[in-house]
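User: I would like to learn how to read a model of protein chains together with DNA strands, one feature at a time. Could you take me through the general ideas and then the case at hand?

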Protein chains: 2
Amino acid sequence: MSTQERRGSRERLSTQERLVRSTQELLWERGYVGTSPKAILERAGVGQGSMYHHFSGKSDLALAAIRRTAEGMKETAQECLTTPGTAYERVAAYLLRERQVLRGCPIGRMTQDRDVVQSPELRAPLDEMFDWLRGRLAEVLTDGQRRGELAAGLDPVATAATVAAVVQGGYVLARAADDTAPFDAAVEGVLALLAAQVVHPAPRPDSR
Amino acid sequence: MSTQERRGSRERLSTQERLVRSTQELLWERGYVGTSPKAILERAGVGQGSMYHHFSGKSDLALAAIRRTAEGMKETAQECLTTPGTAYERVAAYLLRERQVLRGCPIGRMTQDRDVVQSPELRAPLDEMFDWLRGRLAEVLTDGQRRGELAAGLDPVATAATVAAVVQGGYVLARAADDTAPFDAAVEGVLALLAAQVVHPAPRPDSR
DNA sequence: GTCTATAAAGCGATAGAC
DNA sequence: GTCTATCGCTTTATAGAC
């Protein structure tokens, strides 16, 4: 970690760091096939030689960018899923967190890129990230069942996959409509279905 | 409609038809950015002049292909959603229909293509298709409520968006994992949540 | 480390013969 | 209608000066 990396402004970052961040942005906006080294260099404000000095080529740079993005997504999700509250509330926090819906998921979008999915190295971070996410969601749901908050009949693993899929599919529907409404509706729908699994203790007549 | 179009074999189709079908396949496999006119021509087995005679260019040909694919998807979905049975069973028929999960959704994938979503003309068929799908799913669910099969508290519009999102997101998760399991789990999860909304009439002790 | 120059290949489109 | 030839541009990468 150089001292330069502490500041947020692009100008003070190392060449390597600027390349990775530019690639992260462009992969999100245009996908792997749609992102050219030239575009990356222009956004990073460096010459072609710098890129081929630090990275072996486009795929190597994309790998660094995808790994970085996947790590960031895990951190964001983890924050939502560890908020205090019931299991339902933690899942809701994940589903309702602020998102740039019309931009879609920077990791999910990579799954539609042929070159990415066909390369075991480039696909690995996606696989690992979604696997982790489903695992964490399942943990939260299992935890809710143990505490008696959620119905025992609920399948935590299947439900976790559903929750993750709703988010990814919500992005797809929203981008097709050029409108965030379908995303919000999909989230609202799954939250309502999940709410029906919340166990309400019988109200005690003598409770204060 | 020429007589040639009646047969299934590629050889007997018109040049125009071969171009459209080749484009449909390539858009599914490689997306819009990843599909070159050259690749289309090679798959269709025609020269470059033929393509520019029948279509104004790549985007024009893509428009024809996307419209065709969207129509096909509507027909397939409609078949599932009009099967005899309860509302739950019809939604289940849609969710559980045979799919080439790892290939993803040919329409959903287009939402990750910058050039497609940024063109109102190319995006229109996607928008229309998903809007129609959510509408039909909502109709089936509303129908189920009217017949007393589904809980009155269920929001048909939101739930329809959830169901559509689970399918689209399921594709994303499956492609990331290079495994159909996450898709199946997501579908299983939403079906279980929906099953909890099915109203079971109180068993009549005197029933035969 | 970073730059510019160059290259071979592919891109989307056009021209014009047949 | 269909073909081949060609165009101007971009892509990904390499070479070599500084």
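Analyst: What follows goes from conventions to symmetry, then to the DNA surfaces, the core and some single residues. This is a predicted model, in which local features need pLDDT of at least 70 and side-chain atom pairs count only at pLDDT 80 or more, while totals for chains, interfaces and linings use all residues. Residues are numbered from 1 along each chain as its sequence is written, chains are lettered from A and ligands numbered from 1 in the order in which they are written, and side-chain values use heavy atoms, with hydrogens and water left out.

User: What rotation and what shift superpose chain B on chain A?

Analyst: In general, two copies of a chain are related by a rotation about an axis and a shift along it. Here the rotation is 180 degrees with 0.0 Å of shift along its axis, and the RMSD is 0.1 Å, the superposition being by least squares on the C-alpha atoms of residues with pLDDT of at least 70 in both copies. The two copies are therefore related as by a two-fold rotation axis. Within chain B, the C-alpha nearest the axis belongs to B:Gly169, at 1.9 Å from it. Both copies use the same surface, since 100% of the contact residues of chain B recur in chain A, where contact means heavy atoms within 4.5 Å.

User: How should I read the protein surface around DNA strand D, and which residues are closest?

Analyst: A residue is near a strand if one of its heavy atoms lies within 4 Å of it. By that criterion 16 residues surround DNA strand D, the closest being A:Ser36, A:Pro37, B:Gly47, B:Gly49 and B:His54. Of the atoms of DNA strand D that come within 4 Å of the protein, sugar and phosphate account for 62%. By class, this surface has 3 nonpolar, 11 polar and 2 charged residues, with Ala, Val, Leu, Ile, Met, Phe, Trp, Tyr, Cys and Pro taken as nonpolar, Asp, Glu, Lys and Arg as charged, and the others, Gly among them, as polar. Helix 3 of chain B gives the most, with 5 residues, helices being DSSP runs (H or I, at least four residues) numbered from the N terminus.

User: Which atom pairs link the protein to DNA strand D?

Analyst: A polar side-chain atom of A:Gln48 lies 3.0 Å from a base nitrogen, whereas a polar side-chain atom of B:Ser50 lies 2.9 Å from a phosphate oxygen. A polar backbone atom of A:Pro37 is 3.3 Å from a phosphate oxygen of this strand.

User: Which residues are closest to DNA strand C, and which helix gives the most to the surface near this strand?

Analyst: DNA strand C is surrounded by 16 residues, of which the closest are A:Gly47, A:Gly49, A:His54, B:Pro37 and B:Lys58. Polar side-chain atoms of A:His54 and of B:Lys58 each lie 2.6 Å from a phosphate oxygen of DNA strand C, and one of B:Ser36 lies 3.5 Å from a phosphate oxygen. Helix 3 of chain A gives the most to this surface, with 5 residues.

User: How do I read a nonpolar core, and which residues touch the most other members?

Analyst: In soluble globular proteins, nonpolar side chains tend to be buried together. A nonpolar core is a set of buried Ala, Val, Leu, Ile, Met, Phe, Trp, Tyr and Cys residues joined through side-chain atoms within 4.5 Å, and buried means under 20% relative accessible area, exposed over 50%, partly exposed in between (1.4 Å probe, protein chains only). Of the 104 residues in the largest core, A:Tyr94 and B:Tyr94 touch the most other members. Not counting residues up to four places away in sequence, A:Tyr94 touches residues including A:Leu81, A:Leu133 and A:Val167.

User: Are A:Gln112 and B:Gly135 buried or exposed?

Analyst: A:Gln112 counts as buried because its relative accessibility is 11%, and A:Gln112 lies in the loop between helix 5 (87–96) and helix 6 (114–118) of chain A. Leaving aside neighbours within four places in sequence, A:Gln112 is in contact with B:Arg109, B:Gln112, B:Val172 and B:Arg175. B:Gly135, in helix 7 (residues 120–146) of chain B, counts as partly exposed because its relative accessibility is 30%.

Notes. Polar contact = N/O pair within 3.5 Å; in protein donor to acceptor, adjacent residues only side chain to side chain. Helix = DSSP H or I, 4+ residues; strand = E, 2+ residues; numbered from the N terminus.
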